[in-house]
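Biologist: I should be grateful for a close look at one part of this structure, namely its nonpolar interior. Please set that part in the context of the chain as a whole.

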Amino acid sequence: MSKVRTRFAPSPTGYLHIGGLRTALYGFLYSKKYDGDFILRIEDTDTARYVDGSVQIIYDTMRDSGVMYDEGPDVGGNFGPYVQSERRDIYLEYAKKLVEAGGAYYCFCSHERIASLKDEEGNLRYDKHCLKLSKEEVESKIKAGEPYVIRQNVPLEGTGSYHDLVYGDISVDYKDIEDGILIKSDGMPTYNFANVVDDHLMGITHVIRGTEYLSSTPKYNLMYDAFGWERPVYIHLPPIMKDAQHKLSKRNGDASYEDFVNKGYVKEAIINYIALLGWSPKTNTEKMSLTDLIENFSLDGISKSPSIFDDVKCRWLSGEYIKEMSFEEYKSRAIGFLKNSKAYGKYDEDKLLSLAKGRIQIFSEIPEKIDFLEEFGDYDLSLFENQKQKASIELAKTILPEIKQTLSNVTDWNNSNLFGVLVELSSKLEIKKQALLWIARIAITGFESTAGGATEIADVLGKDETIRRIDVSIEKLNA
RNA sequence: GGCCUCAUGGUCAAGCGGUUAAGACGCAGCCCUCUCAAGGCUGAAUCACGGGUUCGAUUCCCGUUGGGGCUACCA
């Protein structure tokens with residue numbers, strides 16, 4: 001059996017969105033699973049929709065996410081060029097061959113004539129008018145400089161069938177397929193032609209793409225057959241939806257990979273999550289690295305129905321990655337987000353980061369988790385009241401001076417020491433440690449809930465600031 | 001409109017004629033805990049509808065409904 005070769009063929013019309021990335025991912029996983037090649041091809045035949053810079057975004061996204069290709073415009077390969085606009089002559093050459101083979105024909109009809117072909121329901125259907133032109137007529141028109149397109153010659157009768165590895169047997173009657181344009185009047189091919197020529201010339205064995213091509217595949221097969229080429233294996237993928245009725249798409253301005261990365265989602269989690277959207281390993285394992293995914297990927301786990309992107313679950317997965325990340329790794333990724341916190345620069349970086357780790361799902365949540373450190377101020381005394389912890393304003397009044405005294409004597413200021421002395425104090429005072437720690441925490445933060453406990457926070461604040469805040473609270477209680 | 005296609009809890013999903021219909025996220029409750037978070041346990045919640053086929057349908061067939069796609073000199 002020949003080597004598996006799959007491809008991802010995006011058009012450079014903007015950023016690379018999540019749905020496109022998943023298509024790329026599946027192509028990548030499938031090829032790697034079978035030790036094959038994964039090719040990147042840029043489909044830029046529509047010059048009008050071209051967006052500057054988007055090719056670079058595609059390169060960057062694929063590299064950054066780990067969905068890396070073996071051949072492509074910027075890495076080379078033996079089947080180039082990998083940019084369609086650079087293959088113009090190739091398409092023209094093959095289009096002529098197809099005309100020779102009877103699979104296509106020149107068409108000189110004006111837009112006006114085409115428009116006049118509307119039927120009662122307003123549908124357009126080309127009437128094969130130019131198919132009747134003799135070879136001589138065609139040649140003289142071309143010579144005279146008349147603009148033309150090349151159309152596919154689809155049979156009026158019969159049925160095109162093929163087997164899709166996800167959707168099974170698909171059949172479309174040829175009468176329902178138009179004689180679509182293969183070469184535009186500007187000499188560029190349309191997707192409908194370029195994809196066939198390129199996939200064949202590049203040796204693509206498995207075509208993995210979205211379902212939007214499911215019903216147009218029979219017309220591509222017509223071309224493979226007319227050329228006498230072997231048809232590739234087809235694997236169509238269900239779409240990723242934004243909600244029940246809208247597909248995630250860049251045309252709608254939906255989220256891209258880089259948007260998620262910028263918001264602080266762990267990249268591995270993004271890939272992991274989208275791998276699971278529309279595919280199931282059939283085991284209960286959900287957290288998987290790219291390597292795990294390659295190992296477990298299989299076509300029969302791909303589902304046929306659309307799946308809705310669930311941001312909540314994607315964040316959860318991201319949080320799982322953060323929890324399991326080494327501190328060093330976490331720090332290197334989180335530091336840029338820490339800088340957005342009010343507390344940044346005022347306290348020890350590692351301590352701030354530790355406070356947030358385990359409490360966030362995406363890195364951009366860091367500031368909101370630790371900003372309270374810099375928001376100590378006019379809090380409500382009723383916060384000292386807590387039945388469950390057996391804490392009260394009265395108790396706070398009596399023990400806060402003791403807490404201050406005890407802390408003042410601490411020389412080695414760190415979390416475990418602080419915890420030790422305060423627990424010791426609570427037993428000496430014969431009160432629950434929970435009550436004492438609750439009071440201490442409220443006294444130094446002024447918040448009902450905080451990321452971190454009393455001693456953990458005191459550790460971050462440092463001795464001077466902790467004592468100062470306790471003084472403020474004592475004064476407040478006695479006011 | 002025509003054609004293609006899809007349909008299991010709120011979401012992702014396993015299931016592939018006989019199951020107490022997995023699991024995960026989320027949600028609720030309890031436990032644990034230095035508040036929060038994390039962790040542990042428990043719980044609520046699903047086979048779109050109607051016909052068949054079959055001893056028996058979530059599973060197979062047909063239809064209805066609903067969703068998506070194609071129907072461009074876009075991909």
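Modeller: In this predicted model, the C-alpha centres of domain 1 and domain 4 are separated by 61 Å. These belong to a division of chain A into four parts: domain 1 (5-71 + 194-240), domain 2 (87-192), domain 3 (328-374) and domain 4 (381-478).

Turning to the interior, the largest nonpolar core holds 88 residues, and the members that touch the most others are Leu25, Ile270, Ile274, Ile439 and Ala440. The element that gives the most to this core is helix H17, spanning residues 433-445, with nine residues. Alanine 440 has contacts with Ile403, Leu422 and Ala454 when residues up to four places away in sequence are left out of the count. Another core lies apart from the largest one; it comprises 21 residues, including Tyr91, Tyr106, Val197 and Met223. As a general matter, nonpolar side chains in soluble globular proteins tend to be buried together.

A small piece of strand structure completes the context. An open sheet with mixed pairing is formed by three strands in the order S11-S10-S12. Strand S11 (246-247) and strand S12 (307-308) are the edge strands, and each has a single partner, so one side of each lacks a neighbour in the sheet. Strand S10, covering residues 240-243, runs antiparallel to S11 and is joined to it by two bridges. Within this pairing, methionine 241 has lysine 247 of S11 as its bridge partner.

Terms used
Residues are numbered from 1 along each chain as its sequence is written. Chains are lettered from A and ligands numbered from 1 in the order in which they are written. This is a predicted model: local features need pLDDT of at least 70, side-chain atom pairs count only at pLDDT 80 or more; totals for chains, interfaces and linings use all residues. Domain bounds come from an automatic or database domain assignment. Two strands pair if DSSP finds at least two bridges between them. Helices (H or I, at least four residues) and strands (E, at least two) are DSSP runs, numbered from the N terminus. A nonpolar core is a set of buried Ala, Val, Leu, Ile, Met, Phe, Trp, Tyr and Cys residues joined through C-beta atoms within 7 Å. A residue is buried if 20 or more other C-beta atoms lie within 10 Å of its own, exposed if 12 or fewer, and partly exposed in between; C-beta atoms are placed from the backbone. Two residues are in contact if their C-beta atoms, placed from the backbone, lie within 7 Å.
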